[in-house]
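Subject: Structure handover

Hello,

Here is the structure I promised to pass on. Please open it alongside this note.

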Amino acid sequence: LLALAAQQGMQLYGLDIFGAFITAEIDEPVYVQLPKGLDPSNPDAQPIWRLRRTLYGLNRAPKAFYDQLTEFLLSKGYSRSVNDPCLFFKINPSGERIYFCIHVDDFAIAASHSTLIQELCDHLKTKYTITESDNLESFLGIHIVQEDSKLYLSQPGHVAKCAQEAGITPTTKPSYIPMSPTFNDAEQEQSPPADRGKYATLLGMLIFILRTRPDVAYAVNRLATRALSLIHI
């Protein structure tokens, strides 16, 4: 979506649907106990309730919300991508287009004209309570800066969190290359076993950074190769 926006000079827009996972109706019986601290209006009644709508934490809530939102968008003339079921779009006869991307309960919009964005928001307001932002400054932890037809992507918060997890402090001597040029797989195999849990955590965090830091891809690949040997320790 971000690549299309950069290529086609589209406007990026962000919005949030308030309480997304409590808006969808449940199509089968689900019962919950009455939360502690709440007394039933009828003392003789059993403190068991049947849910009419989904709740956060309910395993079917994301799917129910997605199905409801899909039905709503299709009814408003949007089409669903064949290649990505979480991407919806509409193309007007004049060629103006809008893309609406869903990731669980996070949303991003790219459009060739602001009127298409306003039209989508107006549609959503008829069914949901939404919070709008003038531009998409962050999405899934990615910081976004748009200048004309260029996009600058970074993950400063995630990088700082990864450094903290690895014990790297501001006083640590910095490195200006992703990995040592003398890195040797054979030597790594002979090194003491690492904490597998922490190693896997750090590796996962590094893989998440690859979306905005492709320059460290090879180094992360070598670390991932090392992880395969740790599995059999």
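Below is what I found, starting with the sheet and ending with the surface.

First, a caution: this is a predicted model.

**The sheet**

The strands to look at first form an open sheet of six. Their order is 4-5-6-7-1-8, and the pairing is antiparallel. Which strands stand at the edges? They are strand 4 (79–80) and strand 8 (130–133). Each has a single partner strand, so one side of each is left without a neighbour in the sheet.

**Strand 6 and its partners**

Strand 6 covers residues 97–103. Is it mostly covered or mostly open? Mostly covered: five of its seven residues are buried.

Strand 5 (residues 87–91) is one partner. Five bridges join it to strand 6, and the two run antiparallel. Within this pair, F88 has F100 as its bridge partner. The two strands form a hairpin, with five residues between them. G95 sits in that turn and has a positive phi of about 100°.

Strand 7 (residues 106–111) is another partner of strand 6. Here the count is six bridges, again with an antiparallel run. I98 stands opposite A111 of strand 7. I102 is bridged to F107, also in strand 7. This pair makes a hairpin too, with two residues between the strands.

A general point helps when you trace these strands on screen. In a regular strand, side chains alternate between the two faces of the sheet.

**Positive phi outside glycine**

Two residues deserve a look here.

- V104 lies in the loop between strand 6 and strand 7. Its phi is near 60°, a positive value in a residue other than glycine. V104 counts as partly exposed, at 49% relative accessibility.
- L140 lies in the loop between strand 9 (138–139) and strand 10 (142–147). It is not a glycine either, yet its phi is positive, at about 55°. L140 is also partly exposed, with 27% relative accessibility.

**Cysteines**

How many disulfides does a search of the whole structure find? Zero. C101 is therefore in no disulfide: the nearest cysteine sulfur belongs to C86 and is 7.1 Å away, while the cut-off for a disulfide is within 2.5 Å.

Is C101 buried or exposed? C101 is buried, because its relative accessible area is 15% and buried means under 20%. C162 is buried as well, with a relative accessible area of 8%.

**A nonpolar surface patch**

Which residues make the nonpolar surface patch of about 270 Å²? I22, L55 and Y56. Y56 belongs to the loop between strand 3 (48–50) and helix 2 (61–75). Its relative accessible area is 46%, so Y56 is partly exposed.

**Where to click first**

Start at strand 6, where five of seven residues are buried. Follow it into V104, in the loop that leads to strand 7. Then go to C101 and look across to the sulfur of C86, 7.1 Å away. Finish at the patch made by I22, L55 and Y56.

Best wishes

Technical notes:
Residues numbered from 1 in each chain as written. Predicted model: local features only at pLDDT ≥ 70, side-chain atom pairs only at ≥ 80, totals over all residues. Heavy atoms only, no water. Buried < 20%, exposed > 50% of the residue type's maximum accessible area, 1.4 Å probe, protein only. Helix = DSSP H or I, 4+ residues; strand = E, 2+ residues; numbered from the N terminus. Pairing = 2+ DSSP bridges. Patch = residues over 30% accessible without salt bridge, like charges linked within 9 Å, V, L, I, M, F, W, Y side chains within 5 Å. Areas by Shrake-Rupley, 256 points an atom, 1.4 Å probe, with all protein chains shown as cover. Salt bridge = Lys/Arg side-chain N within 4 Å of Asp/Glu carboxyl O.
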